[in-house]
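Student: I should like to learn how to read the features of a protein model. May we go through one together?

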Amino acid sequence: MHALIDCVHHRYISIMALPVGSPVVVCSDSNSSDHHRHQRVQQVVVESPAALQLHLHRRRSANYEPNTWDYDSICSLLSRRPLHHELLPRPRPRPLPLGSQQEEQEADNDAIASHLQLVATSNTDIISSEMESSVQASLKDSVRRMLLVLQEKEHDDVRSSLLLKTIHQLQSLGIAYHFHQEAKDILMSMHQHHGHGLGTHRDLDLHSAALLFRMLRELGIPASTDMLMSALREEGDKITDSDALLAVYQASYLAFPGDTVLDQARAFAVGKLAGRDDDSDCTHLLLPLPLPLQWTAPRLQAMWSLKDDDHNKSVAVDPAILQLAQLDFNLVQALHRRELAEVTRWWKESRLGEYSFARDRVVECFFCAACIAPEPHLAECREVLAKTGALIVHLDDIYDVHGTMDELQAFTDAIASWEHRDDDDSAVVMGMALPEYMKAMYSAIWTTSAAAADRVLEKHGYDMLPLYKKAWHELCKAFLVEAQWQQQGHMPSFAEYVSNGWITSTGPLLLLHALPAAAAVPPITQANGDANNGAAAGIDYPRLVELSSTIFRLCNDCASHEAESERGDAPSSIDCCMAEPWCAGGEEQARTAVQGIIAETWKALNWEVVVAAASGSGGNDPSCCSSSATETTESMTTMANLCLNLARIVHCIYQDGDGITSPTHRMKQMVKDLLFNPIHHVL
């Protein structure tokens with residue numbers, strides 16, 4: 001008689017004592033259009049019990065695409081500086097801003113031109129850091145004077161519109177961080193003047209009201225929806241301004257939980273935009289509508305905006321702003337390239353990329369790090385994000401594909417022990433050494449996190465290593481749960497899945513490493529365990545971290561569900577939705593439901609930014625020390641931005657597939673444009 005064996009889940013369906021030479025029917029997954037697994041059957045002959053065990057425990061393979069980047073060429077970037085023509089735009093005299101003095105403007109143009117001419121006529125192809133800084137400083141001074149001149153005008157709708165459009169341009173082109181305080185002061189002044197969002201905004205046109213509303217909420221100011229809706233109601237069906245409608249569309253994504261009027265405003269704006277004629281002035285922007293700004297990594301938005309010459313000309317971006325944006329983009333890109341070279345060299349030395357069963361994606365991980373923490377001063381944050389991300393991708397493949405259950409349990413226990421020695425037996429669990437591929441993984445995790453903890457201890461005086469250990473262990477435990485689901489064929493409820501899934505997204509571990517590296521003292525502690533039942537203490541993450549990680553998990557599932565189903569991986573959120581009694585519409589309904597949950601999670605995340613801003617400022621407590629309050633505010637702002645940018649970059653990399661597992665042409669081009677291709681424009 002045959003024994004039926006399910007190789008996919010490594011379990012016996014029925015088993016008998018088998019003599020040597022007995023036939024065995026082995027079931028394995030075939031492609032399926034739904035969450036019910038279909039199996040194909042093959043017959044093998046058991047030559048010996050050992051041979052049967054070898055067949056049953058054969059390691060799965062995901063056949064991941066190999067790395068396509070030339071690491072040697074990337075590492076060579078460490079030995080050279082960028083050429084001046086890669087960094088600097090060619091200037092032209094810019095028109096005078098409203099109300100400026102001609103003498104000041106001409107002197108400003110002359111100063112910028114002289115700096116660039118000096119570079120252009122230099123005998124060397126290498127631009128000095130002093131010259132770069134001088135040109136950048138001149139351009140920043142020019143933009144600050146422009147903002148100052150606009151502020152000095154009388155309060156009126158024209159002045160408000162110009163200021164808001166200018167700040168929007170600074171944001172879109174990626175240089176708003178140079179003028180953060182100036183922009184914040186302007187927006188708060190306008191909020192004060194226009195009645196704190198209480199419906200007294202009739203002097204603001206719809207475009208201006210939408211811009212102000214969005215920017216205030218981005219700052220963590222809970223501006224009332226009346227600010228936007230009063231202007232929208234006033235113009236109603238008469239609206240023909242595509243820029244105003246697009247601004248309403250963008251503003252609607254700053255909704256809080258319960259802001260249903262913003263959902264209605266978005267539907268109205270989309271409907272009006274979709275109904276315009278093909279020859280209208282907005283066809284280059286719409287159908288389909290772009291990913292909303294709130295869901296887009298700012299660094300990528302800056303890159304796309306700088307490359308959109310036609311749009312910049314149509315909206316009359318000031319040449320000084322464009323010059324500064326192009327120079328700043330290229331300078332930051334040159335810095336990121338050198339950092340990438342350092343991280344790539346570290347990855348090569350780790351030798352983890354030599355294991356063919358796992359994805360080698362260190363360049364893509366650095367790309368994500370550069371989008372999460374793009375500002376120049378966040379170099380340590382980018383480094384630890386990229387290194388931790390590359391390790392996580394490798395670890396994920398160990399748990400998802402390569403490791404046996406015994407090995408995965410042993411590795412999880414080894415991480416819990418967090419013992420490390422310099423000899424070959426650095427990871428030993430209950431007398432059993434880990435296999436070599438796991439030893440390499442264990443060592444890389446320990447050394448990377450220990451080095452990160454040492455830097456935090458040296459700079460900030462607190463020890464993050466116990467929390468890093470706990471976070472790695474919690475991630476391994478969550479990965480192990482998914483491996484058990486896969487082996488046992490278990491379909492968790494959607495709630496059970498998400499409870500485990502926001503940890504397996506790896507967002508908490510990434511942010512735990514990133515926050516202290518960015519000088520944002522994380523309000524993250526090890527929670528108390530339950531002494532009554534012996535439950536171990538976990539990590540008490542802020543709500544910002546949990547929400548951004550949930551978005552990470554669900555976006556990843558939407559992109560990878562099909563490929564993972566074909567491989568027979570653990571169920572995704574799509575599978576779990578399809579198994580719910582209310583989901584009678586199959587995969588399409590499940591995907592729609594998950595997308596709706598992502599949108600609602602974003603609303604909660606928007607609100608948590610307001611909570612973070614309020615806690616950072618100390619609320620209305622006058623006893624707060626001003627310097628301490630400022631530091632706390634900056635720390636909370638940094639934490640909020642890192643969490644937001646994590647959620648934003650996952651939308652970008654998973655927009656048309658799994659950009660990490662199987663990088664598409666679009667993904668590869670984004671990496672090239674962001675890290676390797678400078679902006680070349682003749683202004």
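The dialogue below proceeds from the whole chain to individual residues.

Tutor: Please bear in mind from the outset that this is a predicted model.

Student: How many helices and strands does the protein chain have?

Tutor: The protein chain has 26 helices, together with eight strands.

Student: What share of the residues is buried?

Tutor: A residue is called buried when its relative accessible area is under 20%. In this protein chain of 683 residues, 52% are buried. The accessible surface of the chain comes to about 30,000 Å², and carbon and sulfur atoms account for 51% of that surface.

Student: Among contacts between residues at least 6 apart in sequence, what percentage join residues at least 24 apart?

Tutor: Of those contacts in the protein chain, 73% join residues at least 24 apart. Individual pairs may also be examined through their C-alpha atoms. Gln409 and Leu480 are 71 residues apart in sequence, with 7.3 Å between their C-alpha atoms. Gln409 belongs to helix 17, residues 405-417, and is partly exposed because its relative accessible area is 34%.

Student: How far apart are the C-alpha atoms of Arg337 and Phe366?

Tutor: They are separated by 9.6 Å, while the two residues are 29 apart in sequence. Arg337 is part of helix 14. With a relative accessible area of 9%, Arg337 is buried. For Thr592 and Ile574, which are 18 residues apart along the chain, the C-alpha separation is 9.5 Å. Thr592 sits in helix 24, which covers residues 586-617.

Student: Why does Thr592 count as exposed?

Tutor: The term applies to residues with over 50% relative accessible area. Thr592 has a relative accessibility of 54%, so Thr592 counts as exposed.

Student: I should now like to turn to charged side chains. How many salt bridges are found in the whole structure?

Tutor: Side chains of opposite charge can pair when their charged atoms come close. A search of the whole structure finds 21 salt bridges. One of them is formed by the side chains of Arg382 and Glu339, with an N to O distance of 2.6 Å. This pair links distant parts of the chain, since Arg382 lies in helix 16 (residues 379-402) and Glu339 in helix 14, 43 residues apart.

Student: Are Arg382 and Glu339 buried or exposed?

Tutor: Arg382 and Glu339 are both buried.

Student: How does the accessibility of Arg567 and Asp569 read in their salt bridge?

Tutor: The side chains of Arg567 and Asp569 meet at 2.9 Å, N to O. Arg567 has a relative accessible area of 23% and is therefore partly exposed. Asp569, at 4%, is buried.

Student: Which residue forms a salt bridge with Asp656?

Tutor: The partner is Arg666, and the closest N and O atoms are 3.4 Å apart. Asp656 lies in the loop between helix 25 (626-653) and helix 26 (665-675), whereas Arg666 lies in helix 26, so the pair ties together parts that are 10 residues apart in sequence. Asp656 is partly exposed at 39% relative accessibility, and Arg666 is partly exposed at 25%.

Student: Which residues are joined into one network by salt bridges that share partners?

Tutor: Asp263, Arg266, Glu600 and Lys603 are joined in this way.

Student: Which residues form the negative surface patch?

Tutor: The patch is formed by Asp156, Asp157, Asp203, Asp205, Asp241 and Asp243. As one of these, Asp205 may serve as an example. Asp205 lies in the loop between helix 7 (180-193) and helix 8 (206-218). With a relative accessible area of 30%, Asp205 is partly exposed.

Student: Finally, I should like to consider the backbone. What is the phi value of Arg351?

Tutor: Arg351 is not a glycine, yet its phi is positive, at about 65°. Arg351 is located in the loop between helix 14 (319-350) and helix 15 (362-372).

Student: Where is Thr506 placed, and is Thr506 buried or exposed?

Tutor: Thr506 lies in the loop between helix 20 (494-504) and helix 21 (507-517). Thr506 counts as buried because its relative accessibility is 7%. Its phi is near 80°, a positive value in a residue other than glycine.

Key:
Residues are numbered from 1 along each chain as its sequence is written. This is a predicted model: local features need pLDDT of at least 70, side-chain atom pairs count only at pLDDT 80 or more; totals for chains, interfaces and linings use all residues. Side-chain values use heavy atoms; hydrogens and water are left out. Helices (H or I, at least four residues) and strands (E, at least two) are DSSP runs, numbered from the N terminus. Buried means under 20% relative accessible area, exposed over 50%, partly exposed in between (1.4 Å probe, protein chains only). Patches are made of residues with over 30% relative accessible area and no salt bridge: like charges are joined within 9 Å, nonpolar side chains (Val, Leu, Ile, Met, Phe, Trp, Tyr) within 5 Å. Accessible areas come from the Shrake-Rupley method with a 1.4 Å probe; for residues, only the protein chains shown count as cover. A salt bridge is a side-chain nitrogen of Lys or Arg within 4 Å of a carboxyl oxygen of Asp or Glu. Lys and Arg count as positive and Asp and Glu as negative; His and the chain ends are not counted. The place of a charge is taken as NZ of Lys, CZ of Arg, CG of Asp or CD of Glu. Contact means heavy atoms within 4.5 Å.
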